[in-house]
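Please look over the structure shown here, with attention to its pockets and to a pair of polar residues in its loops.

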Amino acid sequence: LDCADAIVVFNEEDKTYLDSLKASVYVSPFRVPNELIQKNEISNTFKKFLFIGGEFHYPNKEGLEWFLDVIYISNLDKINWPIYIIGEWSKSFIGKYQSFKGKIVFCGFVPDLKAYYDESVMIVPILSGSGIRTKILTALANKIPVLATQFACEGLLFNDKLNNHVSLFNNESEFLNFFLKYFNNDFLAKQVNGGIEFYNNSFGVSKL
């Protein structure tokens, strides 16, 4: 990398990782295209989880399987929300959860996400891999609350400010604590407003 004239990263956190390089490092925030921003109003109520991603990308498979097996299924007596899974998944993976129809809903590829956005909380249980956090940014831009692992939010968290734009969990107890204590319509609507402010300030047109 030192032989490059310049290096462009998507956030300030990534820039700090490259401080020791001789090449100049610039931050150019990633923005969700306007045509992917379909939801203009905050939902009045929230009652389901939404996971977006296909099995072909291993971090999706790893994260979703961990969430379903370790957190969701073992606490179905406490978690009354269904989870809708958008994307292509194999018959064998879907078959593993066929006894939970109505609670774990595989929707496959869908041409329009807007109907699934309504009344949803985006769940992002990613444990490994790297990317530009498209799922989270798209959710924030569409006025959807986000519940994610800290790893999934890398580069999207403040070190010195209140992170009121996402809710974080890294294990079963943290997830249940948020769901049982804080997941009401008022809390989630406030988080959406925090998400809108964060997105506009950090990834808005003027920032780019």
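## Basis of the description

Helices and strands are named here as DSSP runs, numbered from the N terminus, with a helix taking at least four residues and a strand at least two. The model is a predicted one.

## Ser43 and its surroundings

With the elements named in this way, Ser43 falls in the loop that runs between β2 (24-27) and β3 (48-52). Ser43 counts as buried because its relative accessibility is 11%, and the cut-off for that class is under 20%.

The side chain of Ser43 takes part in a polar contact with the side chain of Lys39, at 3.1 Å, and a polar atom of the Ser43 side chain also lies 2.9 Å from the backbone nitrogen of Glu119. When residues up to four places away in sequence are left out, Ser43 touches Asp118 and Glu119.

## Asn142 and its surroundings

Asn142 is placed in the loop between α5 and β7 (146-148). Its relative accessible area is 0%, and Asn142 is therefore classed as buried.

A polar atom of the Asn142 side chain lies 3.0 Å from the backbone nitrogen of Lys39, while the side chain of Lys39 makes the polar contact with the side chain of Ser43. Leaving out residues up to four places away in sequence, Asn142 touches Leu36, Ile37, Gln38, Lys39 and Tyr117.

## The largest pocket

The largest pocket has a volume of about 590 Å³. It is lined by 32 residues, and those closest to its centre are Ile52, Arg133, Thr134, Lys135 and Ile136.

At least two lining residues come from each of α2 (58-72), β6 (120-124) and α5 (134-141), and α5 gives the most, with four residues. Sorted by class, the lining of the largest pocket holds 17 nonpolar, 11 polar and four charged residues.

## The second largest pocket

The second largest pocket holds about 390 Å³ of space. Its lining is made up of 17 residues, and Asn11, Glu12, Gly155, Phe158 and Ser202 are the ones that lie nearest its centre.

Both α1 (12-17) and α7 (185-203) supply at least two residues of this lining, with the largest share, four residues, coming from α7. By class, the lining of the second largest pocket has eight nonpolar, five polar and four charged residues.

Methods
Residues numbered from 1 in each chain as written. Predicted model: local features only at pLDDT ≥ 70, side-chain atom pairs only at ≥ 80, totals over all residues. Heavy atoms only, no water. Buried < 20%, exposed > 50% of the residue type's maximum accessible area, 1.4 Å probe, protein only. Polar contact = N/O pair within 3.5 Å; in protein donor to acceptor, adjacent residues only side chain to side chain. Contact = heavy atoms within 4.5 Å. 1 Å grid on protein atoms, 1.4 Å probe; cavity = no way out; pocket = protein on both sides within 12 Å on 5 of 7 lines; lining within 4 Å. Points joined across faces, edges and corners; volume = space filled by probe spheres on them. Nonpolar A, V, L, I, M, F, W, Y, C, P; charged D, E, K, R; others polar.
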